[in-house]
Each structure stands twice: as C-alpha cells, then as structure tokens.
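Hello, fellow notebook reader. I sat down with this model to see how its strands and rings fit together, and here are my entries.

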Amino acid sequence: TGFGSNQLPSTAQQRTAAEDRINASVTEAQEGAPGIWRLTLDNGSQWELVEAAPSSYDPPRRGSTVDIFSASMGSYLMRYEGQRGLRIRRLR
C-alpha cells in the first residue's frame with residue numbers, strides 16, 4: 001500500500017487513495033545496468049529508473065533525500081538535488 005502501490009500487483013480491495021508525491025531518504029542505491037539505478041527508501045519501498053540516467057547525472061546515494069511525484073498516465077518522476085526529473089517505477 002502507499003505511494004506508488006498502483007504499479008504493484010493487487011486486488012481492487014487492496015487499493016487505497018494514492019498520494020501524489022513523497023519525499024524520502026535513500027537507504028540503499030545500486031546501479032544495475034549502466035545508468036539504471038535501483039533505490040530502496042526509508043519507508044521500505046524499492047524503485048528503479050525506467051531509462052538510463054545520462055552520464056552527467058549525479059545519482060542519489062545512501063542518506064540522500066529524493067522527491068518522487070505522480071506524472072502523466074500513471075507514471076512517476078524522481079527529482080534529486082535540482083537535477084532534471086527522471087522516470088522511475090516502483091518494484092515493491
């Protein structure tokens with residue numbers, strides 16, 4: 001449940017009113033494929049970039065604070081340290 005849970009498999013009964021943004025601390029940041037970062041937040045949710053970040057992008061690290069907010073057509077954007085927003089999806 002909670003922010004981004006609409007991207008997780010669930011029944012209609014499990015769905016709740018969604019928030020439109022969160023501000024959270026990163027507890028773990030891992031780079032999978034080049035530029036594809038997987039972030040675990042302090043609320044236990046896990047998010048992954050949908051597209052590779054440009055090489056000039058300074059990725060969030062453990063202890064960083066990120067803003068994730070609802071975008072068009074059920075997608076989400078993440079902003080970090082005043083950099084451009086990157087499309088992100090919730091894994092769990």
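**Entry 1: the β5/β6 pairing.** I started from Tyr76 and looked up its bridge partner in β6, which is Ile88. A note to myself before going on: this is a predicted model. Strand β5 covers residues 76-79 and strand β6 covers residues 86-90; the two run antiparallel and are joined by three bridges. I then checked the hairpin between them and found six residues between the strands, with Glu81 at a positive phi near 50°.

**Entry 2: the other side of β5.** Next I followed β5 to β4, and this pair is also antiparallel, with four bridges. Here I picked out Ile68, whose bridge partner in β5 is Met78. The hairpin of β4 and β5 has five residues between the strands, and in it Met73 takes a positive phi near 55°.

**Entry 3: a glycine in that loop.** Gly74 sits in the loop between β4 and β5. Is Gly74 buried or exposed? Neither label fits: its relative accessibility is 39%, so I wrote it down as partly exposed, given that buried means under 20% and exposed means over 50%. I also took the C-alpha distance from Gly74 to Arg89, and got 9.8 Å for two residues that are 15 apart along the chain.

**Entry 4: from β4 to β1.** Strand β4 (residues 65-70) pairs with strand β1 (residues 21-31) as well, antiparallel and through five bridges. One residue I looked up on β1 was Asn23, and its bridge partner in β4 is Asp67.

**Entry 5: the whole sheet.** In what order do the strands of the barrel run? I read the order as β1-β2-β3-β6-β5-β4, a closed barrel of six strands with antiparallel pairing. On average, neighbouring strands of this sheet are turned by 45° against each other, direction ignored.

**Entry 6: back to Tyr76, for its ring.** I searched for aromatic pairs and the structure holds one. The partners are Trp47 and Tyr76, with ring centres 5.5 Å apart and planes at 75°. Planes over 60 degrees apart count as edge-to-face, so that is how I logged this pair. Why does the pair tie together parts that are 29 residues apart in sequence? Trp47 belongs to strand β3 (residues 46-49) while Tyr76 belongs to strand β5, so the link spans that separation. Last, I looked at accessibility for the two residues, and both Trp47 and Tyr76 are buried.

**Entry 7: to keep in mind.** Tyr76 came up twice for me: as the bridge partner of Ile88, and as the ring that pairs with Trp47.

How values were computed. Residues numbered from 1 in each chain as written. Predicted model: local features only at pLDDT ≥ 70, side-chain atom pairs only at ≥ 80, totals over all residues. Heavy atoms only, no water. Pairing = 2+ DSSP bridges. Axes fitted to C-alpha atoms, helices over the stretch in contact; angles between N-to-C directions. Buried < 20%, exposed > 50% of the residue type's maximum accessible area, 1.4 Å probe, protein only. Phe/Tyr/Trp six-rings, centres within 6.5 Å; stacked < 30°, edge-to-face > 60°.
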